[in-house]
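Here is a friendly walk through some local features of one structure. Have the viewer open as you read.

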Amino acid sequence: MTVIRIAAAGLAIAAAAACSAPTPPRSQVSTAAGTVCAAPRRVPDAETATTIDIIEQAYFCILGNYYSGATLDARSLLSAGFGALTRELNRNGRDVPEAGMPALTGDRKADWTAFEAAYRKTTDQVPDLRDKLAVVTLEAIVAGLGDNHARWTHDVKRPPDYYDGDGYGLGFLANVNGPQVEGNPGIALPPLFVTTVQGGAAQAAGLRPGDIVESVNGSAPFIDGKATPAIAALYPVYPEARPVRLRLLRQSTGRRWSVTLKPGLYQRDLAALQVVTSKLLDDDIAYVRLRGFAPDSANRVFRAISRLRAVRPLSGVVLDLRGNGGGSPVEATRLVSAFGHGKVTAYQCTVDGKCETSRTDDTVELLNLPLMVLTDRSCASACEHFSSAVKDLRLGRLVGTRTAGVISGPSQPYLLGNNTSLSFPVKHHLGPNREVIDRIGVPPDHHVPLTPQDAADGRDPALAKALTLLNK
């Protein structure tokens, strides 16, 4: 990952830019920190206010470092930011005459100057909203990239009484997950149903796997087969605490009922917190569940298989990656390396087509076992790196459903002057066959979806199929 050098003044945005003070004229504002950014080298200090200078810093950081920054039409980012600003004014009933989008020409610096002037004229009229307007503007600029690995991390809070490992929300998972709703709702298929009850309000209300969600807060989750924004209410993030009203159907009994669930903390099952779990199936098949590509996760998988192998000779491995949201591409490559050597597992490319190769680590000992990989629409990022390598290189077979299509490229973090973090890919990910996986996903070799009846009866058709294939 590229590390950009930063001027000493880059980490010194003064707290005096807070919303309670009048905005100083442009000529009195230092721009030293506004055009550079660098990877964090220490734990940042406490977060300070987001200001127009921080927005400027983020804008030029993106243009200078994002993988397609050199060819990006920066006007789209500024338009997204100003649009969010005006919507926030409207929500607060505070629209002002000065809040008009300036003409943009395509000259990045000149357009920024015009944007900043309009922004300052607007926010000076509503000083009590200045902090919030800055936040929504920067959030919209980052969202304007349309990149599933671009994030601005700020104002991170934990609920009171939070204990390490606690969950927050309604206490259940559905077959359509949060990232799908946010980034790629078109891949979701009806019906919407409960797949896992984790605890909290859902458990207290008696929800069960297989229960079909017919409406969310009175709105249909699907219309004409397409997912609606209503589904997003199933995945609240702290401090969101509005109750969610569900209309449910239990197919086994025909019962229909309504329930209101309030988001909150709940204790999760300890097994669900383990990165790697394993067991023997059919006496000689290693089943390994990997929930994320955390540091050292590949070695944990190797140790789990080794322990099972010590009990009896193995005839194959089922690697369950369902629900695996990704993590380290290095760990994904190391895990691939246990099933094949001398291979290219992925390409990381610039916007002009110059690519670096990710190759197997041939110091990793080969397992020499047949491999089945269970995938679903929650297998994302590094999980898709691994899955595409297994499929393209013919190291095993994928069973289940298509992966998430959330793998634009590995993210590089950058520290902004108010001690918040901006992250985005500096290179774009391609599979071993140089195919685009982002927004498309990796198709399984054997399509075996989970149905509401399967969930209700505790059946796992994808696992059953994988075992059948290994036992042939």
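## Two loops and their prolines

Let's start in a loop: P191 lies between α5 (178–183) and β4 (194–197). The peptide bond that joins P190 and P191 is cis, with omega at about 0°. Please keep in mind that this is a predicted model, so these values are all computed from its atoms.

A second cis peptide bond joins Y238 and P239, and here omega is about 15°. P239 is found in the loop between β7 (226–227) and β8. As general background, most peptide bonds are trans.

## Positive phi outside glycine

Two residues are worth a look in a backbone plot. D155 has a phi near 50°, a positive value in a residue other than glycine. Its loop runs between β1 (151–153) and β2 (167–169). With 45% relative accessibility, D155 counts as partly exposed.

S381 also has a positive phi without being glycine, with a value near 60°. The loop that holds S381 is the one between β16 (371–375) and α10. Is S381 buried or exposed? At 13% relative accessibility, S381 counts as buried, because the cut-off for buried is under 20%. In general, most residues other than glycine have a negative phi.

## An enclosed helix

Helix α9 covers residues 329–336, and six of its eight residues are buried, so the helix is largely enclosed by the rest of the structure. The buried residues are E331, A332, T333, R334, L335 and V336.

What covers these buried residues? The cover includes the helices α8 (297–311) and α10 (382–392). Strands take part as well, among them β12 (285–290), β13 (316–320), β14 (344–349) and β15 (355–359). At the N-terminal end of α9, S328 acts as a cap: one of its side-chain oxygens lies 3.2 Å from the backbone nitrogen of V330.

## Aromatic rings and charges

The structure holds 11 aromatic pairs. In one of them, the ring centres of F115 and Y119 are 6.2 Å apart and the planes meet at 25°, so the pair is stacked. Both residues belong to helix α3 (residues 108–123), where they are four residues apart, about one turn of the helix. F115 counts as buried at 0% relative accessibility, and Y119 is buried too, with a relative accessible area of 2%. Ring pairs also tie F115 and Y119 into a cluster with Y59, F60, F82 and W112.

Arginines meet rings elsewhere. R255 lies over the face of W257, at 3.9 Å from the ring centre. The charged end of R434 sits over the ring of Y347, 4.0 Å from its centre.

## A three-stranded open sheet

Now to a sheet of three strands, which is open and has the order β5-β8-β9 with antiparallel pairing. Why do β5 (212–216) and β9 (255–261) each have one side without a neighbour in the sheet? These strands stand at the edges with a single partner strand each, so one side of each is left free of a neighbour in the sheet. From one strand to the next, the twist averages 30°.

Strand β8 (residues 244–250) pairs with β9 in the antiparallel sense over seven bridges. To pick out one position, L249 stands opposite R256 in β9. More generally, strands of a sheet pair through backbone hydrogen bonds, either parallel or antiparallel.

Note on methods:
Residues numbered from 1 in each chain as written. Predicted model: local features only at pLDDT ≥ 70, side-chain atom pairs only at ≥ 80, totals over all residues. Heavy atoms only, no water. Buried < 20%, exposed > 50% of the residue type's maximum accessible area, 1.4 Å probe, protein only. Contact = heavy atoms within 4.5 Å. Polar contact = N/O pair within 3.5 Å; in protein donor to acceptor, adjacent residues only side chain to side chain. Phe/Tyr/Trp six-rings, centres within 6.5 Å; stacked < 30°, edge-to-face > 60°. Lys NZ or Arg CZ within 6 Å of the ring centre and 35° of its normal. Pairing = 2+ DSSP bridges. Axes fitted to C-alpha atoms, helices over the stretch in contact; angles between N-to-C directions.
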